[in-house]
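Student: I'd like to know where the labels people put on a structure come from. Can we go through some of them together?

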Amino acid sequence: MALRSFTEICGFERETFLRFREINLSLPGVSALPGGVKFPDSAGAFHYEESGKLLSVTSNRFIHWSTSGDSVQLVETSLDTNLLNNAVRLKLCHCSVLPGGVTIIETLNNVIILLSTNQSVHRLLLPHPARMYRSELVTELHMQSIFTDVGKLSLQDSSHSALIPGGAGGSSCSTGWLSESGEAHYALASPAGGIMVLTLRPHDSPGEVCVVELKRSSMMQRLSGWMPSAMRGEQGGGGALSLAVRELEGDCFLFALCQDLRLRLWSFRDQACVLEADMLEYMPSCRGARRLSGHGHRLRLVLCSTGLCLGVYLAVPGRGQFTVLQLISTDSNRYSLDHVSSLFTPQETLVDFTLTPTDIWAVWVDDSNATVVKYINFEHNTAGQWNQVFVQPAPEDEVHIGVDQDPRETYLEVLFSPLRFTASAILKALQIFRRGSDRDRTSDVSWESLKKEVTVAVESELQSSVTEFEFSQEEYRQLQVEFWSKFYACCLQYQEALSLPLGLSVSPSTGMACLLKKGFVSFLLPCFAVDHLYLSYEEYLSSEEETAIAEDPELGRDVLQLVQCLRLVSDAVSAEMAYEMEKALEHLQSPERAADLVLENLLSNDSDTVMEDIQNKLQDVRNPAAAMTVLLRELDLETDSEGSAPLLSVSQDTASQPLGVRISLSQLYSSSSAVSLICQAVCHMTMTRELFCRDLLILQKLYLRLGDNVFLGGGAQLLQLQQDLIPRSSNLLSSYHLLKHISQSLASSVALDLIEANLQHLTVLELSDSPSLSSASVLSPQTVVELFYQTVGRKMIVSQIYSQQQSSSLLVWSHLISNVVVVLAQLLWPSNPGFQFPECLMANCQYTQLQEYVRLIGPWCQVNIGSCRFVLGQCYLANGEGQKALQCFQEAATEVDKEDFLLRLTGGEEEDAPPRLQYFNKVLRLLEDVGLPELVIQLSSLAITEAGNDANSQAALWTRIFKHHLDLGHNSEAYEALTQNPDSSMQLDCLRQLVVVLCERSQLQDLVQFSYVNLHDEVVSIIESRARGLDLLAHNYYELLYAFHINRHNYRKAGAVMYELGMRVCRENRTPAGLQQQVNCFLSALNCLRLIRPEYAWIVQPAPGATYERAGASPKRNSDGEFSSQPVKRQVDILELRDLEREYILSSSRLSLSQLHPSQAAIAGTIPLHRPNTP
C-alpha cells in the first residue's frame, strides 16, 4: 500500500545556535528607496544533482536559504558528514531581496548563487564539492563547506554584482538562470506586466550588463492576427506575481502568472510572448475572481516523464485551487496547455508549495497561526483526498507539576528535552529575561552551561523580588512556579517565532521533504501504518475503508473501528489521569492496575457521555480479539533469532562491497544533523505508541468490564483477552515507556580519569575492542540514544540494511530513513536478544542512565536478565558500592550459558572449563583490578563449588584466596587456604610466600604456631634454604628455624641450627658482636642437647672438604654448559655434647680475649675451630 502520511521531525542539534559568518555588501550609488515595499520573508532549498547517489561527495547534501529584508542566510547541510564553515549571512545594504530572488545552479566545477534585489543583482561563484577534494574517497568526519572561502570573493566587482538600470523598485518577483555559455540571467517582473532580463557576462569574460525588456506589446501578432490595445506597450494592469524559467529545445522560456490571473509564456530567444492562458477557465465556479488582484498566487514547474508540467495555485476568497497543466508544443513552435488536474483546498493562507513529477506538497498557516502541511498525487486522485503530514505540535502552554515534583527540575526537564525547544529560543528568552548589562553576556555557551545559566537567571530574578525573609514551603513553591512559568512563556514566544514556516522543499533525487522554518529546518519522514491510524484526523479516519496492517477487508474495518474507539479514549483521558498513568509506569507499578484506575475515573466522570459513545462504537467491532491481535503485532518490535542475526556482525555484511561503497556506507547518516533527526524520530514514534498502548489497555479493561455484551464470540474471546492480549499490551506499554525514557535521557559528560579507569576495566574483561566504545571522533551527543547510534548503532543498522538489498547506489529517502528508524528501535527494544545498548552505556561511563534503564526493565523483561545484572554490577563498582556489585555478579552467573553477552565475556578463557567458571575468572580479574580483595575472596569461595572435580581450577582459586587473605593480613585464613590447595607445587609456592611475607612482617608467632600437617619437612626446607641463602647481617632465618624446632620439642634439630649459625657467624662477622653471638649460639646448642637423652645428644655437620649442597640451589654445569654428572660428596662429621662444650669454651675464650684486646678481635675469629678428631 502506498505511503499515506508523513511526520514532521525537528532535528534540534546540541549546538546553542548556528554560527553565521557576516558579510556586508554595499555597492556604490545604492541608497535606501523612499517608501520601499517590504517583501515577506521567504525560504528555499537546492539539492545537488547527485545527492541521491551513495558514492557521491554530495550524497544527502543540500543548501537551504532564507531571506528577510536586506539579508540572505545560506546554510549548507549534509546528513552524511559535518560541514565546517557552512553558514553565511549576506547583508545587502539598502536593498530588499525580491521574492524568488535566490537561485542556485550547479555546474561541473562550480555552484553559482544568483541573487536579485530591488536595486541590484549578484552572482556568487563557489567551488563545487566534487572539486574541493582531489580523491574520490573522502573519509573525514568533517568536511569544508563550499562557503568556506566565500569571504575571499570580491563581491563588489562587476563580475559579481551589478546595479539595475533605472532601479526595479516596482518589481514584485524575480527568478534567475544560467545559460550554457555561463551567462547569468535575472528576470525581474515589472508592474505593468512586462519582464526585464539582466544578463551578466561569464565571470571570466568581463563586459557590460545587458538589459532586455520583454514587453507585452511584443506578443506575436502572427499567432492571433490582432493586437488588443490593452496589450500594447505599458498599458493595462497585470504585473507578474510569480515567475518560473525553464530551458527547452535550445530556447529559454519564462512563465509568468500575473495579477489578472493570466499565465503568459515568453520566449527569451525570440523576446516574444508565445502563449497566454486565462487561469479562470479552470475555475468555472469563481467567475468573480477576475476582478481580484491578490498576492497569494504561485507558479511552479517540474519536468515529468511526459514533458514539462506547471503547477498554478490561485488564491480566491474562501478556497484555494491547484491546477496542474502540461505544456504541449507543435512543430511550428506553437504552444498550448493540456489540463492534467485541478485540486481544491479550504486553506486560505498558502505559505509555499512545491511540485514533483507526481505530487503537490503545500504548507499553509491557518487562522490560529498553526502550520498545516499536506500532499496529494495529482495524477491518480479522483477523490481529491489530500494526504496528511503530522506537524510537530507547539510545546504545551502550561507545564503540569505534580505535588511530588520540584518546579525547577520539572521546568528544566521540559525546556531541555530534545523535542520541544531549540537552544536559540532558550538563548533569546534568557537574554530578554536578564536584567541590565547581563543581557548580552551569554553569546556562545554549551548545552550544559546554558542550562546552568537559565537556572541562575530565574533563581536570581526570584530572589530579587523577595521582600520577606521567611516563607513557608508552599509559598516558596508558588513563587518558583510563578517565575519559572514566566520564563517558560518567554521561551514559548520565541519558539513560536522560530517555528514560522517559510518554505517547503522536496529533493528530486531522493524524495527527501524538508519544511523550511524561520529558525531551523525540519524533515518529513514517512509515518508508519499503525502510527498513521492513531494520529489521523477524525475526518480522515472515518473516511478510510482499508488499512495497510490488515489484508482482510472485514478485519481492516474492525481495526479502523477499534482505532476510532481508541481516539475517543485518548480524548477522554485528562492531563491529570495521563500524569498518574505515567507516574505508575515510572514507579514500576502494574500498568494493568493503573489502567483500571483510569477507567474507573472515566466512568465516574462521564459527564459528556463519551464512554457511552465508546460502548456504542464497540458494538460495531465484529471480532475485537482479532483486531487487537493485528494491532499488537504491528506495535511489537521483537525480532526472531534469524532476523536479529545480521545485527551481531558489523563489518562482515558489507565486506563484500567495493572499497568506495564501504567508505560511503561508513559515513551514511553520520552527521550531527542526521544523528539528531533519526534519534528524535525514534523518540517521536515511541511517544506516539506509548499513548496508543495506554489507550488500548484502557479499552481492553473496558471490554473486560462489559463482558458478553460486546463480545460476540463469548467466553473464549474474553479468556484470550484476559490471558493473552492484556498482558501483551501491558508489556508493550512498558517497553515503549522505556524507549521514550532513554530517547529523552541526556548523556553525561565524563571526566578523563574516569574514562581511563573504565577502559582499564574493559581491557580486563577483554571488551576494550568493543564497537560500543566511543572514539575521539564521536561528536558530543545529546541523548544516550544518540550516543548509542553514533558509536555502534549506525554501523549495525547500515550493515543490516545494505546486506539485504541488491543495489546500494540509490538513496531513496522514504524507504531508507524508515528502515533506519525501525532497525534502531529494534536494537533498543528490550525483548530482543541483542544487548548492544546497555553495553554501550557501560562502555561510555553512562552509569546513572544505565542504572535507571535496568531499574525500568526489571519487573517485566525476561530477556538478558543476567547481562543486566552484570552491567548493573559494573555501575555499582564505578560508584564504589562493591558489595552490591558482587551480589549482581553472583546473580548474573546463573544465566551465563544462556545469554550472548555473558558468553562473550567468557571468551579467551580455558575452553574446557565450564562457562560459569570462565565467567567467575573474568569477574575475579575485574575485582582484582579494581582493588577489592574481600570481594575476590567471597567470589572465589563461590567459584570453588563450580569447579567440581577440576583440580587445576580449584588449585588456582585456592591460590587466589590464599594470596588475598595474606595481603589482607588474615594469616590464619591464608594458611587454611594453603592447606586446601590440591596442587602440591602451587601449595609449595604458597607456603614459601607465607613464610617470606610473615617474616618480613615480623609475624613470627603465627608462622611458628601453624600446625603444618603434612607440610613440616617443606616448611623446614624453605626456612633452611632462606637461612643459608641470605646475608646474616640483613636476614636471620636461623632464629626462626630454632624457634620452629623448639616449639615442636625437636631439640636436637634446634641445637644443630644454632651450631650452624655459630659457624657462619664465625666466618662472616668477625667483630666483638659477632663473637658474642657465636658464644650465644653454642650455648643455645648446648642447652638443646642437654634437654634430650644422652644417647641422642649429637648433631651432624659437613666434613672438611666435602661439597655442601645448599637447599634450593640450582644444579651446577661444566665448561660445556652440561649438567655435571659427578656425584655429590656427602661426607659428614658427628658432634657430640663434649665436642660442643669444647667449642663453647673456645669461643668464650676468644670473646674474653677480644674484650681485653679489642684490636685482636678479628684475629681471634680466625683461629681454627675445634675438629672432632683432635685430642
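Tutor: Sure, and let's start with the salt bridges: the structure holds 46 of them. Keep in mind that this is a predicted model, where local features need pLDDT of at least 70 and side-chain atom pairs count only at pLDDT 80 or more, while totals for chains, interfaces and linings use all residues. Residues are numbered from 1 along each chain as its sequence is written, and side-chain values use heavy atoms, with hydrogens and water left out.

Student: What makes Glu276 and Arg264 a salt bridge?

Tutor: The term asks for a side-chain nitrogen of Lys or Arg within 4 Å of a carboxyl oxygen of Asp or Glu. For Glu276 and Arg264, the closest N and O atoms are 3.3 Å apart, so the pair fits the definition. Glu276 lies in strand β20 (residues 272-278) and Arg264 in strand β19 (residues 262-267), so the bridge ties together parts 12 residues apart in sequence. Strands are DSSP runs of E with at least two residues, helices are runs of H or I with at least four, and both are numbered from the N terminus.

Student: Why is Arg264 called buried, and what is Glu276 called?

Tutor: Buried means under 20% relative accessible area, exposed means over 50%, and partly exposed is in between (1.4 Å probe, protein chains only). Arg264 is at 1%, so buried is the word. Glu276 has 22%, so it counts as partly exposed.

Student: How do you know which words suit Glu895 and Lys898?

Tutor: Use those cut-offs again. Glu895 sits at 18% relative accessibility and therefore counts as buried, whereas Lys898 has 58% and therefore counts as exposed. These two also form a salt bridge, with the closest N and O atoms 3.7 Å apart. Elsewhere, salt bridges that share partners join Asp260, Arg262, Arg264 and Glu276 into one network.

Student: What about Arg689 and Asp531: what joins their side chains?

Tutor: A salt bridge, at 2.8 Å from N to O. Arg689 is in helix α16 (residues 672-706) and Asp531 is in helix α7 (residues 529-535), so to speak distant parts of the chain, 158 residues apart. Both Arg689 and Asp531 are buried.

Student: How much of the whole chain is buried?

Tutor: Of the 1175 residues of the protein chain, 52% count as buried. The secondary structure comes to 37 helices and 33 strands.

Student: Why are α13 and α17 called roughly parallel?

Tutor: Angles under 35 degrees count as roughly parallel, over 145 as roughly antiparallel, 65 to 115 as roughly perpendicular and the rest as oblique. Helix α13 (residues 624-635) and helix α17 (residues 715-744) pack at about 25°, so roughly parallel is the label. Their axes are 11 Å apart. Axes here are lines fitted to C-alpha atoms, for helices over the stretch in contact, and angles run from 0 to 180 degrees between N-to-C directions. The residues making the contact (heavy atoms within 4.5 Å) include Met628 and Leu632 of α13 and Leu721 and Leu725 of α17.

Student: What makes α11 and α16 roughly perpendicular, then?

Tutor: The axes of helix α11 (residues 591-604) and α16 cross at roughly 70°, and that value falls in the 65 to 115 range, so they are roughly perpendicular. The axes come within 9 Å. Among the contact residues are Ala595 and Leu599 of α11 and Ile698 and Leu702 of α16.

Student: How do you know that β22 and β23 pair?

Tutor: Two strands pair if DSSP finds at least two bridges between them. Strand β22 (residues 307-316) and strand β23 (residues 319-329) have eight bridges, so they pair, and in the antiparallel sense. One case is Val316, whose bridge partner in β23 is Arg319.

Student: Which strands stand at the edges of that sheet, and why?

Tutor: The open sheet has four strands in the order β21-β22-β23-β24, with antiparallel pairing. β21 (298-304) and β24 (335-345) each have a single partner strand, so one side of each is left without a neighbour in the sheet. The twist averages 25° from one strand to the next.
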